[in-house]
Every structure is written in structure tokens, then in C-alpha cells.
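Open your viewer and have the selection tool ready. We will go from stop to stop, and at each one I will say what to select and what is there.

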Amino acid sequence: MSNLTIVLPEVLTIYEVSKVAAKWQLMLSDDTTAVAIDLSELLEVDAAGFQLVVALAQCCTEKPLSVIGVDEHHSPCALWLLNTLVASNCAQRR
Amino acid sequence: MVDLSEIQAVFIEEAKELVLQFEESLLAMESILPNSDDEIINEAFRAAHTIKGSAGVVGYDHIVDFTHFVEATMELLRDHALNPCEKLISTLLECNDHINALIKCLESNEDFPQALTDAEAGLLESLKSYSGLQDQASSEQTVVENQEATQSFRVSAQFYKACMVDGFDPLSIIRYIESKGSTVEVDWLIDEVPALNAVTPDELELCHFRMQLEIHHSTREDINEAFEFIAAESNIEIAPIEDDKPTPTLVKTDKQPTKNNKVKPKNPERMMKIPAQKLDELVNELGELVIVSAALEDHTKTIRDSALTEIVEHIQQLVSDVQSSTLQLRMVQIGETFNRFSRVVRDTSKELEKQVSLEIMGAETELDKSMVEKIVDPLTHLVRNAIDHGMESPAQRADSGKPEYGTLSLKAFHDSGSIVIEISDDGRGLDKEKIKEKAIQRNLISPDTELTDKEIANLIFEPGFSTAEKVSNISGRGVGMDVVRKNIEAVRGTVSVESVEHQGTCFQLRLPLTMAIIDGFMVSVADAKFVIPLDMVTECIELPLGNGATRQTDYINLRGTVLPFIHLSRIFDLPTNPKIRPSIVVVKYGQLRAGIVVDQLLGEFQTVIKPLGALFEKMSGISGSSILGSGDIALILDVPKLIHDFAHEPESRKLANS
Amino acid sequence: MTKKIMIVDDSASIRQVAKMTLLAEGYEVIDACDGLDAINKLDDGKINLIISDLNMPNMDGLSLLKKVKEMGQYRFTPFLMLTTESGSDFVSQGKQAGAKAWMIKPFKPEKLINTVSRILA
């Protein structure tokens, strides 16, 4: 039973999606049960980046993703990502 | 709207050339009749096409409308829908002359004479008879002001798989719609997005999600426009939402927030943007080059070959030139940084209910790009501090006969190898008595020490020093001035302050012009070699015998003023050799001077500063190191720090006075 | 993050107007006079949009487009084609090669701003 925290890079757009997806795939293991994503470094995200996070969420069938690293003083796109993930039932705020 | 009058000259110049090109091509076409050459036709087409395009963006619609038919005819020729013949080409040549005449009118700012307009109709008729072209509306798309009332719509979007690969971002489409004043609620339908562990990474570059949007206060036209490009291969359904009463408000007539043209067109000088990292790498490589060419020069001296020496000298000169030019590239105007402070000043003064106006002088003064980011924080702190503590409230100022608006000025200039930045205000000044009290309280000075006004003022840079009674969250308490000084010292700079009570305060920052390469004066003490920044060296003298001066002395009287000594042997714990008569390198930093006592003077020397490793960073008095051609290491002295620590103590002044 | 746009057109007037218009809107702009010039000016940094005329000497818009799509880091850069209104088969060739946005020449500055913002908002 293991928990995994993934820190999203500063920029997550279609330019980065393939590389980051491969990296995250390596980080996931068969017994990963809970995944948290850390948005504290996120500065830019596009629809492809959002889709990637959704794909990550789709792996975590038992629990939704936890989201950490977002607070009031944060970059607007981190907030946007959190809200959109929550609204799509992919994540919950920790 | 962009100011187009400036580019009229460019257009006319370009158009005249194009007219010539068109004529040339047409004549060439004529000369090879009845044969034709696709390439020549294409050239002719391109000339007409470009005239029309350029005229269009510059706004000369008359030319556009006329040239349109010419271009369209050329297009038919190019597509082989029409064959060239003598009469057609003659007509085209006449049309070209007409275009030329139109351009000449533009150039001399005349209206098109009636004769010209009459001739035009005839020409167009001839053209049309050949090409069968019908009258068409002006090719320019007119933006129709849509008076449609705004409504709500439901949009269901299934984008084509490769849309993101083609560069579309659904988020951009949404933002575009919102920029028109509509609101958009988005439902992301993600059930078909594959799980990360069940797919190859590049699959995720394709679009697997769908969207449902609810858009309010928009028009069908705006939505169509937003989806126009992506819609071609996607499935987009737009349906009005009937249950909402359409709001009877008219669409705003200026669709885009129009910006005033704040940006003046750049200088005619061509500008290039260079990634800072590339420049840093270049400077680094240049540094290696400098070191190696110095080694070359050293070695050449041992070989007595005048031809070789001459060549090597030439190389040295070139290296030096390249170095200057490269370092110049790193220089940026400080005005860019200063301008950021308008906002800071505005916000801070608003928050604190003070009235402050910002004055900027010396904006063109240049400094090293790498320096800029490092000084923003300390500058910001000083600016906020000035407004917070320095500036009186408008009422207080009025009471003391000062204008209600306080002035904060940022000034920059070059001075003997440094860049000086002054932050001054016309506020209440520093309360010297209070500072002295506090310093005594904190055991920084003894109660009976005599200090000059300037020395008292500079006490505020000592750690833990803050006389502000209230802790404001603007400048904080006690974390202020000593951190500012540390930050400045970290870039080999110094900061000092001067103040006159009730009149104002002036902070002065002194920073080196460049951080990468240094012109230095090399010296040695025992076996260790040191480099002293050349721009701080004023002279070198031998330690004068007599006058009771010995190696132990701490100062001498140099032409009437006290010159305190800095003994490197003491500071760096190096052995002294009584047989060697030491030399003194007199250094100056700002108003302060000192004499550095060394064993040998080794001459001028240019070198690249390598940052200190972790081991040496703690070592006070060294700001970097340098590798010599021989492989030895020379330590670069942090002269300002040394002067500050060892030669500026109030005690030394006491000695002088006694 | 300022967005960077490259404008490729052999007309100096068009380059200048486009550049001034876009700079005033806050974009960074690189201009090139034909496809070859454009390739030389792609300096590894990110370009958010390439606006290109189709008909240019030395390397036309379609060739530029194809070349750019082969360059790894510009694979995803959207391409806005400038075309005459009847150049419909060029438009479809362009679309096949990956350029899905187009604008008719001549264009007014406002139209340029409008079209660009639809792609880069």
C-alpha cells in the first residue's frame, strides 16, 4: 500500500505532456493506492496538461486525487486546475 | 489603432519597387509570346498580390479595390484558366501604369484627379472582358457591427483528435469568448480520457475529452467566430437556450478593449532577443579564452621571437575587444527596473495615505543584466521604507511648510567604475538622537563615543536595528536594513545613508559594473596571490621607512590625510618576511581610502571571476577566485568589505585625532 | 508569460503593420521575409503562433509549414495562413499539412488582432 506525491512542473502544456506522462508512468507502481498532486510550482497549464492530470486520476480508481500546494496567494492557474478537477470529480482538496 | 502615417513611406517605397517588378514580368511575358512561362507569371502574380496586400493593411482601399482585379486576373493566368495574349498583357501594363499613378498621388498627398478615376473604369472594363470577372465587393472583410441582442447558448463540442497537436487550445477558445464580455460555464466530459497506466505517452497529446458549455450574454456570431478554425474538423453544436429571456442590451460596439498605442515603435535599430543563458555561456567561454590567451602571452615572453610576439599581442588585443563587446551585451538600462517602481510607489503611498511623487533620473544608465534581479528586492525595501518611515503625512508636511506631495527620487549614474543608485526623499530625515540611543542600548557603541552624523546614520544597517515604534507590515521590523546591506554586498556592492533632519534622507548604493570579468592588480603576500580590482586602485607606494612606520603600524599620514592600513598577512594569517620591504596599494571606495600592505606588486592582470566554492564563501574579504595561466589560484579581494571591516572603525578616527 | 508571434511575409509593409499592431497588443514579435529567413530565425525558444503568407520567394508558406512541423519543438505551434480569397486550393493543401487557421489578405489591423486572439487568448 503506498502513497505517491507528484509535484507538477512549472509548465504543463502539450509541449511537455508526452515527457511528463512517461515520467509519471514510471512513478506509478502496482501497489500505489493514493496519489497526491502538488501544485505549488505550477505556473502554466493548458487543456492537454489538464487532460494528463485527468488521465492520472483515471488510474486511481479507489480514491480521487488529493491536491496540495494551493493556497490563496497562488498562481491563478493552480486554482483553476484545482477547481476544475474537483468539479469533474477527479480530485479533492486535501 | 496603430499609427499608420509612419509606415506610409515604407509602403510607397515598396510599392514603387513592386510596380517596377510587375512591369518587368509583364514585359518578359510579352516577349515570349505565344509561349508562356509559369515562373514569370508567378512572379507577376506575386507582385500584384503583394501590392494589394500591403495597400490593404496600410488602409489604401482605393488601391486595393483596383489592384484586386489585376491580381485576380493574374491568378487566372497562373492557374491556367486563362491564356496570355498580347492585348491582355497590354491592358495589364496599362493597369500597372495606373497603379503607379495612384501611388504617385499618395506620395505627393494629392487627391486622385478626376481623369484618373475616369480612366479607371475603362481599364476595369477591359480587364473584365478578358477574364470574365464579375464585379465583386471589395476583397477586404468588413467587420459588421452586430446589433444582435445577447443571448444564452448551449454548446456541445467534440473536438477532432489532433486539434491540440495542430496548436488549438480549447481553453483559449473559452477565454476568447469571455473576453467579449460573456460568461462561460464548462462541463468537461472526461469519461473517454484513458488512464495513464493504460496508454502510451503521446496518446495523451490527442484530445479525448468533450465539452459542454453554457454561454451567457453572447451572440451566435461571436461563438461561431470563436470556434471557426477548430470547427472545420470537429463536431460543434450550438443551440440557443430559449428559457432565458434574451437580454435586450445591445452588443458593445467596441469588441476588443482598445489599447492606446503605449508602445512607441522601436528605434530603427534592429533589435534581437537573446536568451540570457546563451549570453552567460558566451561570457563563460570568453573567460576561458582570456585565461588561455594570458597563458599564451606568458609563454611567448620566454621565447624570443618578435614575429610571434607581435601576433600574440594582436590576439590579446582582439580578445580584449571581443570581451568588451560581449560584456556590453549584458548591459541593460536601469530605467526598465526603475519604471517598475511607479507601481510600488503608487500602491504603497495609497496604502499608507501619503502623497508621494516619483522622480527618475539617469534611466539610461546601464548595468549588468545579472545584477538587475538581485537589486530589485533591496530597492523595493528602501522605496517602501522611505514612504513608510521617511515620508510624513500630508498634514504633517503642510504643518512644517513643506509641499503636501513628497518627492521620492531614484537616480542612477556611473562613477569611477561603479554604478551608483541613489534613493532620496524629502521627508523627515533620520532622527540621529534616537539612533544613537538605540545603538547604545544595544551595545553597538559605547556611550561616550564621538561619531560623525554620517557614522550615526549608517548604524541603521547593523543587524537587529529598527527604531520604528509600530511594526508596519510594509517594511517589517528589524529585518530591514541589514538584510538590504547583505543583499547589496552579495553583489560586491555597498550601501550607505546620509540624512538631514526634517529635510530628507538619501540612500546610496554602489555596485560594480560587471560581475564576470575583472581588471585587477595582482599582488602577493608570502606564497599567496591576490587580485585587487583595478578600478579601486589609486596608487602604489613603498612602505616609507622612518616616521616610525613598521610592519606593525596601522596607518600612515599620506600627504596630509590619514591612510589606514589593511594587513593581508594578518587577515589571512600568512607569514611575514622581515627581509622584504612591503608595498602599499592605495585603494579607494567611494569616499573611503585605505592602504593594502603586500609583499610584492605583480602588475595589472585581467581575469575571469570564478565564484567561490562553499569552503571559501564564509571567508570574509574575498569575493571570488581566479585561475592563473600557471594553474595557480589567485583570490580576489573584496575591497569594500575590507575597508569597511578593517579601516573604517570609529576607533581609527579617534587615533587620528589624538 | 508573454506570447511570441512570428510573422512571415515578403512585403515589408505587411510585416511592419503586423508587427506594430501585435506589439501594441503586448505580444513579442519576430518577423521574417520568407520561409528560409523564418527557419533561420527560429531560435529554439517557444513560438506561440506563426503567421505566414503562402506565396513567397525562396521558400513559400507551405514548404515552411511542412519544415516547421518536422522540427520537434515547433510541432505544436499553430499556423495562421494568409491567403487571397480565391486561393481555396492552397487553403486545403495547407490544412492537410496542418495549418488550420487562415486569414484573407489584405487584412485590417483589427482583424489581425481579432484572429490572433482567437488562437492565443
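Start in chain B by selecting helix H1 (residues 8–31) and helix H2 (residues 38–58), which pack at an angle of about 160° with their axes 9 Å apart. This is a predicted model, so please read everything on the tour as computed. Are H1(B) and H2(B) roughly parallel or antiparallel to each other? An angle over 145 degrees counts as roughly antiparallel, and H1(B) and H2(B) are therefore roughly antiparallel. Their crossing is left-handed.

Now show the side chains where the two helices meet. On H1(B), the residues to pick include Phe11(B), Leu18(B), Phe22(B) and Met29(B). Across from them, H2(B) contributes residues including Ile40(B), Ala44(B), Ile51(B) and Val58(B). Colour this contact by residue class and you will find 14 nonpolar, five polar and two charged residues. The charged pair is Glu14(B) in H1(B) and Glu43(B) in H2(B).

Keep H2(B) selected and bring in chain C. The contact between these chains takes 42 residues from chain B and 39 residues from chain C. On the chain B side, H1, H2, helix H3 (61–78), helix H6 (170–179) and helix H7 (220–231) each supply at least two residues. Which of them gives the largest share? That is H2(B), with ten residues. By class, the side of chain B that touches chain C divides into 20 nonpolar, twelve polar and ten charged residues.

Next, turn to the contact of chain A with chain B, which takes 20 residues from chain A and 18 residues from chain B. Select helix H1 (14–27) and helix H2 (47–59) of chain A: each supplies at least two residues of the side that touches chain B. H2(A) gives the most, with nine residues. Recolour by class here too: this side of chain A has 13 nonpolar, six polar and one charged residue.

For the last stop, select Asp53(C), where an unreviewed UniProt entry places the feature "modified residue: 4-aspartylphosphate". Asp53(C) is in strand S3 (residues 49–53) of chain C. Is Asp53(C) buried or exposed? The cut-off for buried is 20 or more other C-beta atoms within 10 Å; Asp53(C) has 27 such neighbours, so it counts as buried. Finally, display its contacts, leaving aside neighbours within four places in sequence: Val8(C), Asp9(C), Asp10(C), Gly61(C) and Leu82(C).

Note on methods: Residues numbered from 1 in each chain as written. Chains lettered and ligands numbered in written order. Predicted model: local features only at pLDDT ≥ 70, side-chain atom pairs only at ≥ 80, totals over all residues. Contact = placed C-beta atoms within 7 Å. Helix = DSSP H or I, 4+ residues; strand = E, 2+ residues; numbered from the N terminus. UniProt positions renumbered as here; feature names shortened; annotations may be inferred. Buried ≥ 20, exposed ≤ 12 C-beta atoms within 10 Å, placed from the backbone. Axes fitted to C-alpha atoms, helices over the stretch in contact; angles between N-to-C directions. Parallel < 35°, antiparallel > 145°, perpendicular 65-115°, else oblique. Left-handed = near helix turned anticlockwise from the far one by under 90°.
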